[in-house]
Amino acid sequence: MIDATTETTTAAARPSVRSALLAATGISIGTLLLATFELSMADWPSGLVLLGILPLTALVFFGCCLWTATLLLRIPRGGAKFAIPFLMCAATLALLVYAPLQKVALQRNFHWHRADRERIVARVEAGELKPNVSYNKYMIALGATEPNVSAGGNDIVIDTAKEGTYVLFLTSRGLKHYFTGFLHVPPGSDPKDFFEFDDKPPSQLVHYDKNWYFVAN
């Protein structure tokens, strides 16, 4: 009886790392998801994302890293298990720095919506879809009845040139007219000739497939 009581007391006194492990897991997963799908949040107010959610998440993750680092001091008394939360945060940080998370998300976005976007391009080229936004002669509001192929309200941007029509499908719309998106260009055309880049060349230009580019201004 005395031995059983002693074992129970010892087990109760043994430090637990469960709560720290759960917290580190939740924060790490949340941080990775936000880093991966940040562009998918383009329909949210950009100020909320850039000035609210992103800084708050970074602050919480940084705090988690510092907190789990202090748990390393408990290894001599509690065992090596107290290193697990810190190692989890360190692995998350390594993924944030070295893993192409947004690249993977963009590739998924491109292939997932490609068929719908190419149907939209064909309708634009056939003259079926024309600019219909009063304050922007280059914009077509597709509306809720069409597949959701462009961020920020399902609007696309077109530029009619002598070689054909450029069609931009947005993946994000940020502050100060910043945008990213997939640009469909006429055969043999240069994406840099899209009117949005008349004053400044694109800050990002990635060739995805024939006539398709990922661009950012």
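Let me start with a definition: a residue is called buried when its relative accessible area is under 20%, exposed when that area is over 50%, and partly exposed in between. By that rule Val121, with a relative accessibility of 4%, counts as buried, and I will return to this residue after a look at the whole chain. Please keep in mind throughout that what we have here is a predicted model.

The overall picture, then. The chain holds seven helices and six strands, and if we read along the sequence their order is α-α-α-α-α-α-β-α-β-β-β-β-β. There are 217 residues in the chain, of which 35% count as buried. The exposed surface comes to about 12,800 Å², and carbon and sulfur atoms supply 62% of that area. As for contacts, if we take those with a sequence separation of 6 or more, 51% of them are between residues 24 or more positions apart.

I would like to spend most of my time on helix H2, which runs over residues 18-36. How far apart are the end C-alpha atoms of H2, and does that distance agree or disagree with what its 19 residues should span? The end C-alpha atoms are 27 Å apart, and because 19 residues at 1.5 Å a residue should span 27 Å, the two values agree. Within this helix the buried residues are Ala20, Ala24, Ser28, Thr31, Leu32, Leu34 and Thr36. As a general reminder, an α-helix has 3.6 residues a turn, so residues three or four places apart point the same way.

Now to the partners of this helix. With helix H5, residues 84-98, H2 packs at an angle of about 5°, and the two axes are 9 Å apart. Because angles under 35 degrees count as roughly parallel, H2 is roughly parallel to H5. On the H2 side, the residues that meet H5 are Ala20, Leu21, Ala24, Thr25, Ser28, Thr31, Leu32 and Ala35, and on the H5 side they are Ile84, Pro85, Met88, Cys89, Thr92, Leu95 and Leu96. Sorted by class, this contact between H2 and H5 comprises eleven nonpolar residues and four polar ones, with no charged residue. It may help to look back at the buried set here, since Ala20, Ala24, Ser28, Thr31 and Leu32 are among the buried residues of H2 and are also listed in its contact with H5.

The other partner to discuss is helix H6, residues 101-125, whose axis comes within 8 Å of the axis of H2 and crosses it at roughly 55°. That angle makes H2 oblique to H6. Here Leu32, Ala35 and Thr36 of H2 meet Leu101, Gln102 and Ala105 of H6, and the classes are four nonpolar, two polar and no charged residues. Leu32 and Ala35 thus appear in the contact with H6 as well as in the contact with H5.

Just past H2 we come to Phe37, which sits in the loop between H2 and helix H3 (46-70). With a relative accessibility of 33%, Phe37 counts as partly exposed. Its C-alpha atom is 9.5 Å from that of Val104, although the two residues are 67 positions apart in sequence.

That brings me back, as promised, to Val121, whose place is in helix H6. Setting aside residues up to four places away in sequence, Val121 touches Val167, Phe169, His184 and Trp212. Val121 and Leu168 are 47 residues apart in sequence, with 9.4 Å from C-alpha to C-alpha.

Finally, two asparagines deserve a careful look at the backbone. Asn154, which is not a glycine, has a positive phi of about 65°; this residue is found in helix H7, residues 151-154, and counts as buried at 5% relative accessibility. Asn211 likewise has a positive phi, near 70°, and lies in the loop between strand S5 (204-209) and strand S6 (212-216). Is Asn211 buried or exposed? Asn211 is buried, with a relative accessible area of 18%. Leaving out residues up to four places away in sequence, Asn211 touches Leu183, His184, Val185, Pro186, Pro187 and Gly188. His184, then, is touched by Asn211 and also by Val121, and on that residue I will stop.

Key:
Residues numbered from 1 in each chain as written. Predicted model: local features only at pLDDT ≥ 70, side-chain atom pairs only at ≥ 80, totals over all residues. Heavy atoms only, no water. Axes fitted to C-alpha atoms, helices over the stretch in contact; angles between N-to-C directions. Helix = DSSP H or I, 4+ residues; strand = E, 2+ residues; numbered from the N terminus. Parallel < 35°, antiparallel > 145°, perpendicular 65-115°, else oblique. Contact = heavy atoms within 4.5 Å. Nonpolar A, V, L, I, M, F, W, Y, C, P; charged D, E, K, R; others polar. Buried < 20%, exposed > 50% of the residue type's maximum accessible area, 1.4 Å probe, protein only. Areas by Shrake-Rupley, 256 points an atom, 1.4 Å probe, with all protein chains shown as cover. Expected span 1.5 Å × (residues − 1).
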